[in-house]
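Good morning, colleagues. Please have the sequence and the structure open while I take you through a few selected regions.

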Amino acid sequence: MLELLGALAGETLSLSFKPSRQYRVWIVERPGTSLPPPALARLKQDCEAVVRACLGGESLDYGLFAEDGSAWDRSVITLVTRLSDNRAVAFNAMPQLAVTRAGGEDCVLHLGLVMVDPEERSGGLSWILYGLTCFALFLRQGMRPLWVSSVTQVPAVVGMVAETFSNVFPAQGGTPQSFTHKHLAHQIMRRHRHAFGVGKDAGYDPDRQVITNAYTGGSDNLKKTFAIAAKHRKVAYNAFCETELDYARGDDVLQIGSIDLAAGQRFLSRSVPRSALPQLAVQAAMVLAGAVLAPLIQWLDPTRRYNRLRPLP
């Protein structure tokens, strides 16, 4: 019994299910430390194949694809595989960025790199790649608010972040920049530029949370003009990007927000297809059960120290 409960309450998230008849989704947390070498090698190959399909054979050399490979130890990977031929067609890599908040250690989930094979861009995968992983991790930590960040110059993504998450600055109407926004953004720019391919020579405007000359740290192949960047259905987000960002120079906006209960409800009601809700409900119940049972598992394990209540000899 303890072994089963321990599997549900494991230290890292690993979740696999079929949201439709076309695709399988696999969410795996920190695969560099949680997967055996053969499985990790296959995951790397799948992600690299998606990148090549998206960039016409080109590759990236930052984040997951940096030479040292350390990003695999601190990221959450969402891989989408097409069931008909078992070929990887999309992935999202979300680094967990260590920060200090309220006097203690915390982390910000960076929305990270999203790649979708051009053949599958009309397949309705955005809810999986942008919201599902955040929702799963929100459940995983017992529905406590989880801070997220995003660095992009694409208006469609700026709008998606503003409409999906809570307390987003900038670009979410009515949300002013708080001390927490500014503090987290400062730490991300000071400690984690490598996670999103921004070089040391890039500038930063802390009041607008805009990174200037951002495409010099390994993400050069992702730079776009405003004309070709995907637009949002709401003109306000497109106008925001066109006004605030210099596309010729290569600017990005750094958005900070959170997933909380309200954001989770919006995700379920607006983004998740009705056909996927039964499968998602089962998986969500399993993840939430693990989060609730985790303290019990720790207490029942006599080999674990439990602060002052049970110091080890």
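Where does Leu83 lie? Leu83 is found in the loop between strand 3 (75-82) and strand 4 (87-101). Before I go further, please note that this is a predicted model.

Let me stay with Leu83 for a moment. Leu83 is partly exposed, its relative accessible area being 32%. Leaving aside residues up to four places away in sequence, Leu83 touches Lys18, Ser20, Arg21, Gln22, Tyr23 and Arg24. Take Ser20 from that list: Leu83 and Ser20 are 63 residues apart in sequence, and their C-alpha atoms are 9.6 Å apart in space.

I turn now to the chain as a whole. The protein chain has 313 residues, and buried residues make up 50% of them. Its secondary structure comprises 9 helices and 11 strands. Among contacts with a separation of 6 or more, 67% are between residues 24 or more positions apart.

Next, the nonpolar interior. In soluble globular proteins, nonpolar side chains tend to be buried together. Which residues of the largest nonpolar core touch the most other members? They are Leu60, Phe91, Met115 and Ile211, in a core of 41 residues. Several elements each supply at least two residues of this core: helix 3 (37-54), strand 3, strand 4, strand 6, strand 7 (146-152), helix 6 (179-191) and strand 11. Helix 3 provides the largest share, 6 residues. As for Met115, residues up to four places away in sequence again being left out, its contacts are Val50, Val51, Cys54, Leu55, Leu60, Val89, Ala90, Phe91 and Leu222. There is also a second, separate core of 38 residues, and its members include Leu13, Val89, Phe165 and Phe267.

Helix 7 shows how burial can be arranged along one element. In helix 7 (residues 235-244), the residues Tyr237, Asn238, Phe240 and Cys241 are buried. Viewed down the helix axis, the buried residues of helix 7 fall within an arc of 155°, and therefore they line one face of the helix. Val235, Ala236 and Thr243, on the other side of helix 7, are exposed. What do the buried residues of helix 7 pack against? Their packing partners are helix 5 (155-164) and strand 11 (252-259).

I now come to the charged side chains. Side chains of opposite charge can pair when their charged atoms come close. The model contains 15 salt bridges, and I shall describe three of them.

The first example joins Glu29 and Arg30, with 3.1 Å from N to O. Glu29 counts as buried because its relative accessibility is 7%, below the 20% limit. Arg30, at 25% relative accessibility, is partly exposed.

My next example is the salt bridge between Glu119 and Arg87, whose closest N and O atoms are 3.4 Å apart. This pair links distant parts of the chain, 32 residues apart: Glu119 is in the loop between strand 6 (113-116) and helix 4 (126-140), while Arg87 is in strand 4. Glu119 is exposed, with a relative accessibility of 57%, and Arg87 is partly exposed at 31%.

The remaining example pairs the side chains of Arg208 and Asp205, at 2.9 Å from N to O. Arg208 is partly exposed at 28% relative accessibility, and Asp205 is partly exposed at 22%. Beyond such individual pairs, salt bridges that share partners join Arg82, Asp85, Arg87, Asp117, Glu119 and Glu120 into one network.

Finally, I should like to consider empty space. Rolling a probe the size of a water molecule over the atoms shows where empty space is left. How much space lies in the second largest pocket? The volume is about 480 Å³. This second largest pocket is lined by 16 residues, and those nearest its centre are Cys107, Leu137, Gln141, Arg144 and Leu146. Strand 4, strand 5 (104-110), helix 4 and strand 7 each supply at least two residues of the lining of this pocket. The largest share of that lining, 3 residues, comes from strand 5.

To close, I would draw your attention back to two elements. Strand 4 supplies at least two residues of the largest nonpolar core, and strand 4 likewise supplies at least two residues of the lining of the second largest pocket. Strand 11 also supplies at least two residues of the largest core, and the buried residues of helix 7 pack against strand 11. Thank you for your attention.

Definitions and conventions: Residues numbered from 1 in each chain as written. Predicted model: local features only at pLDDT ≥ 70, side-chain atom pairs only at ≥ 80, totals over all residues. Heavy atoms only, no water. Buried < 20%, exposed > 50% of the residue type's maximum accessible area, 1.4 Å probe, protein only. Helix = DSSP H or I, 4+ residues; strand = E, 2+ residues; numbered from the N terminus. Arc of directions from axis to C-beta. Contact = heavy atoms within 4.5 Å. Salt bridge = Lys/Arg side-chain N within 4 Å of Asp/Glu carboxyl O. Core = buried A, V, L, I, M, F, W, Y, C linked by side-chain atoms within 4.5 Å. 1 Å grid on protein atoms, 1.4 Å probe; cavity = no way out; pocket = protein on both sides within 12 Å on 5 of 7 lines; lining within 4 Å. Points joined across faces, edges and corners; volume = space filled by probe spheres on them.
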